[in-house]
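Let us walk through this model, from local details to the whole chain and back. Keep the structure open as you read.

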Amino acid sequence: FTTVGYGRIAPVGFLASMLATFEAFLGLLGFAIATGLFYGRFSRPRAYLKFSKIALIVPFEGSSALMFRMAPFKNNLLTDAQVILTCAIEDADEKGELKSKFFTLRTQINKINTLSLNWTVVHKIDESSPFFALTKGNFETMDVEIFVHIRAFDEVFSNTVVQRTSYSSHHKEIIFAQKFNMMYAPSKGQKTTILNLDLIDSYTPYSI
């Protein structure tokens with residue numbers, strides 16, 4: 001597309017030169033568009049966060065709380081991480097029609113300065129929570145979905161990164177349990193902390 005006059009092949013005459021010029025322009029334009037698309041696709045900043053596949057409802061401070069956790073799986077340093085939780089509850093009204101209600105869930109801590117290890121997000125189920133009167137049977141019969149929105153500043157990209165996930169009772173992603181298991185521990189020399197990402201979904205069930 002761009003090797004005009006290469007070797008023994010060259011356009012001869014005005015029309016042939018115009019055609020070759022137009023082909024060269026299309027060739028350069030095609031490479032420019034492809035380069036821009038590839039750069040925009042692969043250079044897009046990402047949060048590189050791994051979320052637990054499940055959210056737990058566990059005993060907490062004399063009541064209960066909904067918890068899930070996340071952890072960075074790359075060396076990107078995330079700062080000023082902020083979480084926003086929204087809940088959608090679908091239930092039948094008095095006429096038997098399904099309706100969805102949306103709520104904003106308050107968390108114990110909604111912003112941290114540095115996200116270097118795992119972060120367990122906690123929503124205490126008290127009188128102000130939409131889950132206060134719900135039992136395990138309600139979660140099994142009702143359609144409850146929790147939407148998670150994470151925003152943080154990535155110092156490698158020098159840009160704000162966003163990541164989202166959700167937990168649905170319909171897909172058995174909200175579980176009643178005792179607690180999440182610890183997923184980090186000190187190294188043998190007690191000099192560093194080892195974060196085991198394989199334990200992000202590890203939890204202790206209720207003892208029978």
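In which loop is lysine 172 found? Lysine 172 sits in the loop between S9 and strand S10 (174-176). Bear in mind throughout that this is a predicted model. Lysine 172 is not a glycine, yet its phi is positive, at about 60°. Is the residue buried or exposed? Lysine 172 counts as exposed because its relative accessible area is 56%, and the cut-off for exposed is over 50%.

A second residue invites the same look at phi. Aspartate 80 has a phi near 50°, again a positive value in a residue other than glycine. Its place, however, is in strand S4. Aspartate 80 has 42% relative accessibility, so it counts as partly exposed.

Now step back to the whole chain. How many helices and strands does the chain have? There are 2 helices and 14 strands. The radius of gyration is 27 Å. A compact globule of 208 residues would have a value near 17 Å. Along the principal axes, the C-alpha atoms fill a box of roughly 90 × 65 × 30 Å. One pair of residues gives a feel for these dimensions. Alanine 16 is found in helix H1. Its C-alpha lies 78 Å from that of lysine 136, with the two positions 120 residues apart in sequence. Alanine 16 itself counts as partly exposed, because its relative accessibility is 28%.

The contacts tell another part of the story. Take those with a sequence separation of 6 or more. Of these, 63% join residues 24 or more positions apart. Buried residues make up 31% of the 208 residues. The accessible surface of the chain comes to about 14,000 Å². Carbon and sulfur atoms hold 56% of that surface. As for charge, the chain carries 21 positive and 18 negative charges, and their mean positions are 10 Å apart.

What lies inside? In soluble globular proteins, nonpolar side chains tend to be buried together. In this model, the largest nonpolar core has 32 residues. Which of them touch the most other members? They are Phe68, Met70 and Phe131. Several strands supply at least two residues each to this core, among them S1 (49-51), S2 (55-60), S3 (63-72) and S4 (78-92). S6 (111-115), S7 (119-125), S8 (143-154) and S9 (159-168) do so too. The largest share, 6 residues, comes from S4. Another core, of 9 residues, lies apart from this one. Its members include Ala65, Val122, Ala177 and Phe180.

Look at phenylalanine 131 in detail. Setting aside residues up to four places away in sequence, phenylalanine 131 touches Leu66, Cys87, Ile89, Leu105, His123, Ile125, Phe139, Val144 and Ile146.

Two serines come just before it in the numbering. Serine 129 has its place in the loop between S7 and helix H2 (136-141). Serine 128 is placed in the loop between S7 and H2 as well. Are they buried or exposed? Serine 129 is buried, because its relative accessible area is 7%, and buried means under 20%. Serine 128 has 48% relative accessibility, so it counts as partly exposed. Beyond its neighbours within four places in sequence, serine 129 is in contact with His123 and Lys124. For serine 128, the C-alpha is 8.9 Å from that of arginine 106, 22 residues away along the chain.

Two more loop residues are buried. Tyrosine 48 lies in the loop between helix H1 (14-42) and S1. Its relative accessible area is 15%, so tyrosine 48 is buried. Which residues is it in contact with, leaving aside neighbours within four places in sequence? They are Ala71, Pro72, Phe73, Lys74, Asn76, Phe157 and Gln163. Tyrosine 48 and valine 161 are 113 residues apart in sequence, with their C-alpha atoms 9.1 Å apart in space.

Asparagine 118 is found in the loop between S6 and S7. Asparagine 118 is buried because its relative accessible area is 17%. Its contacts, neighbours within four places left aside, are Arg69, Met70, Ala71, Met183, Tyr184 and Leu195. One of these, Met70, was named above among the residues that touch the most other members of the largest nonpolar core.

Definitions and conventions. Residues are numbered from 1 along each chain as its sequence is written. This is a predicted model: local features need pLDDT of at least 70, side-chain atom pairs count only at pLDDT 80 or more; totals for chains, interfaces and linings use all residues. Side-chain values use heavy atoms; hydrogens and water are left out. Helices (H or I, at least four residues) and strands (E, at least two) are DSSP runs, numbered from the N terminus. The radius of gyration is taken over C-alpha atoms; the globule rule is 2.2 Å times the number of residues to the power 0.38. Buried means under 20% relative accessible area, exposed over 50%, partly exposed in between (1.4 Å probe, protein chains only). Contact means heavy atoms within 4.5 Å. Accessible areas come from the Shrake-Rupley method with a 1.4 Å probe; for residues, only the protein chains shown count as cover. Lys and Arg count as positive and Asp and Glu as negative; His and the chain ends are not counted. The place of a charge is taken as NZ of Lys, CZ of Arg, CG of Asp or CD of Glu. A nonpolar core is a set of buried Ala, Val, Leu, Ile, Met, Phe, Trp, Tyr and Cys residues joined through side-chain atoms within 4.5 Å.
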